[in-house]
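Work through the exercises below with the sequence and the 3D view side by side. Each task is followed by a solution that goes step by step.

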Amino acid sequence: MKQLSQIHGVTIKTGIFGDNFVASRILSFSALSPNGSLPYSRLVFSHICKPDIFTANTLLRAYAFSSNPIDAILFYIHLLESSNLRFDVHSFPLLLKACSEIPCPSFGKALHCQIYKLGFSTEVSVLNFLMQMYGYCGLKDSAKFLFDKIPDYDDASCNIMMGVFLRYGDFESACKVFREMPERNVVSWSVMINGYVQRSRFKEGLELFQEMLEKKVEPNESVVVNALSASAHIGALELGGWVEGYLRKKSFRFTVRVGTSLIDMYLKCGCAKKALKVFDEMEVKNVHAWSAMVGGLAVNGRGEDALKLFSQMDRNGVRPNEVTFIGVLNACSHSGLVNEGKMYFDSMTSIYGLQPNIHHYCCMVDLYGRAGLLNEAEEVIKSMPMTPNSAVWGALLNACRVHGDTEQGEQIGKKLIELEPNHSGRYVTLSNLYAVKGKWKDVAELRKVMRDRGISKTPGCSFIELKGRVHEFVAGDNSHPQSEEIYDKLDEMINKLKFDGYSPKTSEVLIEMEDEKKETALCRHSEKLAIAFGLINTEPGTTIRITKNLRVCVDCHSATKLLSKIYTREIIVRDRCRFHHFKDGACSCRDFW
């Protein structure tokens, strides 16, 4: 900007600033350049004797794409009141974009009237943004009405309408538009895949990605990032690895965004070594890449490596952010480094000028709780400058469960139900505590409360990938084509476990019934079915990788430790909270999760 202001001064001194072309070039740079200044642009505009619509649209564009899009609307109103400029077909898409971002449906409707009045109601480019505005402002039916009325809609029209449908979770309508398109470009595929991934429909997103490649459509960066994100969420390592191979084969540019997504995928699939390889190969690493690597190492049970990497990050002059410190504190927590965790927490404010938020306090409660320092954990909660949320109380409850403080655990469990009365997991955790103490009457009453409130327990399901296909299991599942084989292998597993001293943790079953029936229920948990499937379908010595939607129960954790030793397999389970690397009869979580 310093050089631009000098050039601006020269144009004023020589008089050539009076030429609209020269003035518009100065305004364009200051308005649209990453190093520009919007206030300076507005000042330049105010000194142009007779600004034209091209110059006005330049400033409108800058405002519409800024962090305060309402300024575009205010500038438009100012021009209406103070000039005779006639807005053109390029002005309204910018104004409608601003309305979408705010969002402001009332002003959007006013613009619709103006568009009709000025004769732009047949311009497809304008109608596309009008459709988007209605969709983003909560008026899906109005957007659909417009779409149906466009006589010669283009690819952009379809892409926008699909985006609107997906925004409201209407996948059926979005798919109908997608499938009926005469030709689908990469943006169309990207919109659909992104819609599935954003709505946590990862399997469908990956299936569409594979179909896209079969149609010989080259993916763009957005598609690649979404495919890697979907692979990460369901633990589809083979497919995620295949995506990396495809990118390398096609000499796809590894931007920071793609590299970070690849790192995140490998870490969420339990492959820290491959994630580090990608990280080391990245030419440019921003704070997001470093934070992903630090946090990923922490949840994979490599806390000390995470802290070493944080030190390296500091030496390289990359300033950590709030997310980085969540990874650092998790690393200390999972490694039992209480003093170091306290030091890092204090350094956020004293060294880096960052104010700890509720996530950091939650990490500190977890840090003390894992170490059995329940009083210190409670003191952290009391000292918090904000009201503790359910995650904070949940961390303390988990510590009470692990360290056997059922009395305090019950009190916290009741508090959590008050905080989140519709969260099924809170009832299950409290039921666990009642069941451990044999309070079956309290368990029954709690189940009745759940029924009365219409709350059902989230069913546990486990995913395992084999040859690029993701297989899903739920407790007691008989739907898999290999069910008979799986249950035969399960019987073999249980017999070997019992021979090695395994005793089912029947206290995990929250219904009062005979112990034999409890044992049967425990043996059919989804992760045990997934392990049986993995043992049947993979070569001896192959690592078995499983993703579970809920926290691993105590019984499955104990059984999986023994199974890793009995079958000489490394078994990696990613549950809702963290990774469990089972090997030679031990787990990376050190039996605290």
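**Exercise 1.** Between which domains does the largest cavity lie, and why?

*Solution.* The model is a predicted one, in which local features need pLDDT of at least 70 and side-chain atom pairs count only at pLDDT 80 or more, while totals for chains, interfaces and linings use all residues. Residues are numbered from 1 along each chain as its sequence is written, and side-chain values use heavy atoms, with hydrogens and water left out.

Begin with the search of the whole structure, which finds one cavity of 30 Å³ or more (on a 1 Å grid over the protein atoms alone, a set of points where a 1.4 Å probe fits but cannot get out; lining residues have an atom within 4 Å of a point). The volume of the largest cavity, taken as the space filled by probe spheres set on the points, is about 70 Å³.

Next, look at the lining, which includes Ile234, Gly235, Lys268 and Cys269 as well as Phe463, Ile464, Arg545 and Phe579. Because domain 3 (197-283) and domain 6 (461-587) both give residues to this lining, the cavity lies between them; the domain bounds come from an automatic or database domain assignment.

**Exercise 2.** Which element gives the largest share of the lining of the largest cavity?

*Solution.* Strand 1 (461-466), strand 3 (544-548) and strand 4 (571-574) are the elements that give two or more residues to the lining, a strand being a DSSP run of E with at least two residues and a helix a run of H or I with at least four. The largest share, three residues, comes from strand 3.

**Exercise 3.** How are the rings of Phe171 and Tyr196 arranged, stacked or edge-to-face?

*Solution.* The structure holds 16 aromatic pairs (ring centres within 6.5 Å; planes under 30 degrees apart are stacked, over 60 edge-to-face and the rest tilted). Phe171 and Tyr196 are stacked, with 5.0 Å centre to centre and 15 degrees between the planes. This pair links helix 11 (residues 171-180), which holds Phe171, to helix 12 (residues 186-198), which holds Tyr196, across 25 residues. Both Phe171 and Tyr196 are buried (under 20% relative accessible area, with a 1.4 Å probe and protein chains only).

Now compare Phe178 and Trp189, whose ring centres are 5.0 Å apart and whose planes stand at 85 degrees, so this pair is edge-to-face. Phe178 lies in helix 11 and Trp189 in helix 12, so the pair ties together parts 11 residues apart in sequence. Phe178 and Trp189 are both buried.

Methods: On a 1 Å grid over the protein atoms alone, a cavity is a set of points where a 1.4 Å probe fits but cannot get out, and a pocket is an open set with protein on both sides within 12 Å along at least five of seven lines; lining residues have an atom within 4 Å of a point. Rings of Phe, Tyr and Trp (its six-membered ring) pair if their centres lie within 6.5 Å; planes under 30 degrees apart count as stacked, over 60 as edge-to-face and the rest as tilted. Buried means under 20% relative accessible area, exposed over 50%, partly exposed in between (1.4 Å probe, protein chains only).
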